[in-house]
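Visitor: Please give me a close account of a single part of this model, beginning with the classes of residue that line its largest pocket.

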Amino acid sequence: MAISKPELACVYASLILADDDIDITGEKIQTVLKAANVEVEPYWPGLFAKALETVNIKDLITNIGSAVGAIPAAGVAAAAPATEAKEEKKEEKKEEESEEEDDDMGFGLFE
């Protein structure tokens with residue numbers, strides 16, 4: 001489903017009003033649209049104002065951003081112990097190999 005130009009214009013106008021801490025009304029959305037030289041059907045601004053009258057847009061944007069950011073962070077935190085265990089195993093193998101290399105340095109004591 002693609003968003004139409006009038007819908008997008010009203011969304012941007014609503015975001016501008018919310019960013020300036022101005023109440024979102026149909027008249028104010030229409031004022032922003034007129035200033036931007038954007039023509040929409042007369043019902044769009046009122047429709048958006050009605051839909052957003054009980055919504056705090058700034059909180060909505062903040063909550064969406066924090067929820068999206070929390071998912072990868074939790075995944076990384078869960079993967080960290082497994083990564084640490086693999087690193088410990090690699091270190092143990094390296095230590096064993098280095099001990100074997102010390103035993104045979106190309107010359108022997110009784111050669």
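Guide: By class, the lining of the largest pocket comprises 7 nonpolar, 1 polar and 4 charged residues (Ala, Val, Leu, Ile, Met, Phe, Trp, Tyr, Cys and Pro count as nonpolar, Asp, Glu, Lys and Arg as charged, the others, Gly among them, as polar). The model is predicted: local features need pLDDT of at least 70 and side-chain atom pairs count only at pLDDT 80 or more, while totals for chains, interfaces and linings use all residues. Residues are numbered from 1 along each chain as its sequence is written, and side-chain values use heavy atoms, with hydrogens and water left out.

The pocket has a volume of about 200 Å³ (on a 1 Å grid over the protein atoms alone, a pocket is an open set of points where a 1.4 Å probe fits, with protein on both sides within 12 Å along at least five of seven lines, and lining residues have an atom within 4 Å of a point; the volume is the space filled by probe spheres set on the points). Its lining consists of Ala18, Asp21, Ile22, Asp23, Ile24, Ala49, Leu52, Glu53, Val55, Asn56, Ile57 and Lys58. At least two of the lining residues come from each of α3 and α4 (57-103) (helices are DSSP runs of H or I, at least four residues, numbered from the N terminus).

Helix α3 (residues 43-52) also packs against helix α1 (residues 5-19): their axes come within 10 Å and cross at roughly 50° (axes are lines fitted to C-alpha atoms over the stretch in contact, with angles from 0 to 180 degrees between N-to-C directions). The pair is therefore oblique (under 35 degrees is roughly parallel, over 145 roughly antiparallel, 65 to 115 roughly perpendicular, the rest oblique). From α1, Pro6, Glu7, Cys10, Val11 and Ser14 meet Trp44, Pro45, Phe48 and Leu52 of α3 (contact means heavy atoms within 4.5 Å). The residues of this contact are 7 nonpolar, 1 polar and 1 charged.

The axes of α3 and helix α2 (residues 26-35) come within 8 Å and cross at roughly 130°, so that α2 is likewise oblique to α3. Gly26, Ile29, Gln30 and Leu33 of α2 meet Pro45, Gly46, Phe48 and Ala49 of α3; by class, this contact has 5 nonpolar, 3 polar and no charged residues.

Helices α1 and α2 also pack together, at an angle of about 105° with their axes 9 Å apart, and are therefore roughly perpendicular. Ala9, Cys10, Ala13, Ser14, Ile16 and Leu17 of α1 make the contact with Lys28, Ile29, Val32 and Leu33 of α2. By class, there are 8 nonpolar residues, 1 polar and 1 charged. Val32 lies in α2 and, leaving aside its neighbours within four places in sequence, is in contact with Ala13, Ile16 and Leu17. The C-alpha atoms of Val32 and Cys10 are 8.9 Å apart, with their positions 22 residues apart along the chain.
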